[in-house]
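Open the model in your viewer and switch to a cartoon view. Keep a selection box ready for each stop.

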Amino acid sequence: MSFDTFKNILDKIPRVLTQVAFGIGDIDANPDLFEMFRYCRKKEIIPNLTINGWRMTDELYENLMNLCGAVAVSHYDNDVCLDTVSRLSKKLGMEQINIHKLLCEDTYESCIDLIMQYGIDVRLDKLNAIVFLLMKPKGKRNDLKQLKDMEKYKKLIKIAFDYKVPIGFDSCSAPSFLRAVEERDNFKSLEQLAEPCESDCFSSYVNVDGMFFHCSFTEGQDGWEGVNIVECQNFLKDVWNSDEVKKFRNSLLEKEKENGCRSCPIFDLEMK
C-alpha cells in the first residue's frame with residue numbers, strides 16, 4: 001500500500017480509531033511503512049506491527065522503538081525470532097513485545113517447545129507474551145492440518161499455566177479456549193480475558209488496495225466482496241453500515257446468541 005492510499009483511508013475513518021495493526025514480512029518490503037507510522041502518531045493513533053525478524057538494522061530497531069506501541073515477532077526461525085525479541089524488549093526497553101506462533105497439528109510440538117524455552121532462554125526475560133494463532137483452512141498452498149484435539153489444546157494451556165508462561169490467543173480461539181478452561185477454579189477471571197471475534201464490531205481489515213473486509217481471512221471467500229474505502233464518501237454510511245458489513249456483523253452476533261460466544265461464521269475452528 002502506498003502512503004497516499006493509506007492517508008486517504010485513515011482520513012475517512014472517524015476519530016474513534018485508536019490503533020492500526022500493521023503486518024509485513026520483511027520489514028523493508030514497503031518503503032512508506034514508517035511514514036505511515038508517523039502519520040498515525042500525528043493523528044494520535046498508535047501503530048503496532050508484526051514482523052518476521054529478518055533484515056533488521058539498528059535504524060529499523062530505533063524506528064520501531066520510537067513509533068510503535070507494540071511489536072510482535074512471528075516465530076519462523078527460533079534464533080532470529082528470539083534475538084529480535086531480546087533486542088526490542090531488553091536492549092531497547094519496549095514493554096509490549098510478543099511472539100506470534102501458528103498453532104496447528106503440524107506445529108503443536110514446536111509450540112510446546114517454545115513454551116518450555118520461557119524461563120530458560122534469557123532472551124525471553126522481558127517478553128510480554130507468546131500469542132498462539134489458530135491456523136485457518138485457507139490458501140491454495142496451505143497443506144497444514146488444523147488442531148482439532150481438545151485434549152492436546154488443554155495440555156498446551158496447562159503446561160503454560162503450570163510453568164507460569166505468559167500466553168495469549170487470537171480472538172478466533174476464544175470459544176475453544178473458554179471450553180478448555182471451563183472447569184478451572186479461576187474460570188470467571190479467565191473468561192474476562194478472552195475476547196471473542198470482534199470483526200465488524202470494533203475492528204476490521206483493509207487490504208493493500210483499500211478494500212475493507214471483516215477480517216483478513218474473509219478476503220477472497222465466496223459471498224464476501226469487500227467494500228472500497230478509497231472511493232467511499234462517508235465511512236459510517238458507505239462502509240461500516242453497508243449491507244455487506246451488516247450481513248457479516250449480524251451473522252457473528254447470531255453465533256453469539258446460539259452459543260453464548262461470538263465465533264467465526266465462515267470457518268469451523270473449534271476443538272472437538
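Which elements do the buried residues of helix 5 pack against? Select helix 5, residues 108-117. Its buried residues pack against helix 4 (78-91), strand 4 (97-103), strand 5 (129-134) and helix 6 (150-162). Contact here means heavy atoms within 4.5 Å. Helices (H or I, at least four residues) and strands (E, at least two) are DSSP runs, numbered from the N terminus.

Before moving on, note the ground rules. This is a predicted model, where local features need pLDDT of at least 70, side-chain atom pairs count only at pLDDT 80 or more, and totals for chains, interfaces and linings use all residues. Residues are numbered from 1 along each chain as its sequence is written, and side-chain values use heavy atoms, with hydrogens and water left out.

**Stop 1: helix 5, side chains on**

Show Tyr108, Cys111, Ile112, Leu114, Ile115 and Gln117 as sticks. These helix 5 residues are buried. Buried means under 20% relative accessible area, exposed over 50%, and partly exposed in between (1.4 Å probe, protein chains only). Now step past the end of the helix. Gly119 follows helix 5, and its phi is positive, near 90 degrees.

**Stop 2: the parallel sheet**

Select strands 1 to 6. Six strands form an open sheet in the order 1-2-3-4-5-6, with parallel pairing. Two strands pair if DSSP finds at least two bridges between them. Strand 1 and strand 6 (167-169) are the edge strands, and each pairs on one side only. From one strand to the next, the twist averages 25 degrees. Axes are lines fitted to C-alpha atoms, for helices over the stretch in contact, and angles run from 0 to 180 degrees between N-to-C directions.

Start at the strand 1 edge. Strand 1 (residues 19-23) and strand 2 (residues 46-51) run parallel, joined by five bridges. Pick Ala21: opposite Ala21, in strand 2, stands Asn48. Trace the chain between these strands. It passes from strand 1 through helix 2 (residues 33-42) to strand 2, a right-handed β-α-β crossover. Right-handed means that, with the strands pointing away from the viewer, the path from the first strand over the helix to the second runs clockwise.

Move one strand along. Three bridges pair strand 2 with strand 3 (residues 71-74), again in the parallel sense. Pick Leu49: its bridge partner in strand 3 is Val71. Strand 2, helix 3 (residues 58-67) and strand 3 form a right-handed β-α-β unit.

Finish at the other edge. Strand 5 and strand 6 run parallel, with three bridges between them. Val131 has Gly168 as its bridge partner in strand 6.

**Stop 3: the antiparallel sheet**

Select strands 7 to 9. These three strands form an open sheet in the order 7-8-9, with antiparallel pairing. Strand 7 (205-206) and strand 9 (227-228) stand at the edges with a single partner strand each, so one side of each has no neighbour in the sheet. Strand 8 (residues 211-213) and strand 9 are joined by two bridges. Met211 stands opposite Asn228 in strand 9.

**Stop 4: helix 10**

Select residues 243-259. Helix 10 has 17 residues and reaches 24 Å from its first C-alpha to its last, close to the 24 Å expected at 1.5 Å a residue. The expected span is 1.5 Å times one less than the number of residues.

Which residues of helix 10 are buried? Glu244, Val245, Phe248, Arg249 and Leu252 are. They cover an arc of only 135 degrees around the axis, which puts them on the same side of helix 10. The arc is that of the directions from the helix axis to the C-beta atoms. Their cover includes strand 8, strand 9 and helix 9 (235-240). Rotate to the face turned away from the buried side: it carries the exposed residues Asp243, Lys257 and Glu258. Last pick: Gly260 follows helix 10, with a positive phi near 80 degrees.
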